[in-house]
Amino acid sequence: MPANFLTKRKQKDFLKNVQYKDVPYFNLIGYNTWAKCVKVVDGDTAIFVFYYHKVPYRFRVGLAKINCAEMKSEDPAELSVAILAKDYLTSLIGDELIYIECLNYEPAYGRLMANLYSNKKMEKSFSDALL
């Protein structure tokens, strides 16, 4: 019998009996990797592509410790600040690969919270630069 058949069978047996309390939610806490920004949403959120288990995925990523004005604001003054913040984050990221330190998932905003770095040394995050 192939080994993967046994694995699949054990997985099915587990799933038949699993309870809510038996399994934690999926998260990327502690996962660090290189990523490419494909879209800056606003001053504290961008869309990144990075590999997870050899498959590229697109993630909505929020910068840790940063809360900027929203691009959807109807207040002209707030919208002006939002545009400046978005432009500044865009200039920080540029067209370079960014090193991401995954922290937690923020369900209210549907995004992964992370620290972003220009290099793997993780000396100063983009959040630190924005504060």
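Buried means under 20% relative accessible area, exposed means over 50%, and partly exposed lies in between. The exercises below concern a predicted model.

**Exercise 1. Classify Cys 68 and Cys 102 as buried or exposed, and find out how many disulfides there are.**

Step 1. Cys 68 has a relative accessibility of 19%. The cut-off for buried is under 20%, so Cys 68 counts as buried.

Step 2. Cys 102 has a relative accessibility of 2%, so Cys 102 counts as buried.

Step 3. A disulfide needs two cysteine sulfur atoms within 2.5 Å. By this rule there are 0 disulfides. For Cys 68, the nearest cysteine sulfur belongs to Cys 37 and is 14 Å away. For Cys 102, the nearest cysteine sulfur is that of Cys 37, 14 Å away.

**Exercise 2. State in which order the strands close into a barrel, and describe how E4 and E5 pair.**

Step 1. The barrel has 5 strands, and their order is E1-E2-E3-E5-E4. The pairing is mixed. From one strand to the next, the twist averages 50 degrees.

Step 2. In general, strands of a sheet pair through backbone hydrogen bonds, either parallel or antiparallel.

Step 3. E4 covers residues 97-106 and E5 covers residues 111-117. These two strands pair in the antiparallel sense, over 7 bridges. Opposite Leu 112 in E5 stands Tyr 105.

**Exercise 3. Identify which strands helix H2 lies across, and give its angle to E1.**

Step 1. Helix H2 is made of residues 76-93.

Step 2. The strands that H2 lies across are E1 (32-42), E2 (45-52), E3 (55-63) and E4.

Step 3. H2 runs at about 150 degrees to E1.

**Exercise 4. Determine which residues of the largest nonpolar core touch the most other members, and where the core residues come from.**

Step 1. The largest nonpolar core holds 23 residues. Those touching the most other members are Phe 48, Phe 50, Ile 93, Ile 100 and Leu 116.

Step 2. At least two residues of this core come from each of E1, E2, E3, H2, E4 and E5. E2 supplies the largest share, 4 residues.

Step 3. Take Phe 50 and set aside its neighbours within four places in sequence. The residues then in contact with Phe 50 include Leu 28, Trp 34, Val 55, Phe 59, Ile 100, Cys 102 and Leu 112. Cys 102, one of these contacts, is the buried cysteine from the opening exercise.

**Exercise 5. Count the salt bridges, then follow those that involve Arg 111 and Asp 44.**

Step 1. The total is 5 salt bridges.

Step 2. Arg 111 and Asp 44 form a salt bridge in which the closest N and O atoms are 3.6 Å apart. Asp 44 sits in the loop between E1 and E2, whereas Arg 111 belongs to strand E5, so the pair ties together parts that are 67 residues apart in sequence.

Step 3. Apply the accessibility cut-off to both partners. Asp 44, at 1%, counts as buried. Arg 111 is buried too, with a relative accessible area of 7%.

Step 4. Arg 111 also meets the side chain of Glu 106 in a salt bridge, with 2.7 Å from N to O. Asp 44, Glu 106 and Arg 111 are therefore linked in a network of salt bridges.

**Exercise 6. Classify the two partners in the salt bridge of Asp 22 with Lys 21 by their accessibility.**

Step 1. The closest N and O atoms of this pair are 3.5 Å apart.

Step 2. Asp 22 has a relative accessible area of 40%, so it is partly exposed.

Step 3. Lys 21 has a relative accessibility of 72%, so Lys 21 counts as exposed.

Methods: Residues numbered from 1 in each chain as written. Predicted model: local features only at pLDDT ≥ 70, side-chain atom pairs only at ≥ 80, totals over all residues. Heavy atoms only, no water. Pairing = 2+ DSSP bridges. Axes fitted to C-alpha atoms, helices over the stretch in contact; angles between N-to-C directions. Contact = heavy atoms within 4.5 Å. Core = buried A, V, L, I, M, F, W, Y, C linked by side-chain atoms within 4.5 Å. Buried < 20%, exposed > 50% of the residue type's maximum accessible area, 1.4 Å probe, protein only. Salt bridge = Lys/Arg side-chain N within 4 Å of Asp/Glu carboxyl O.
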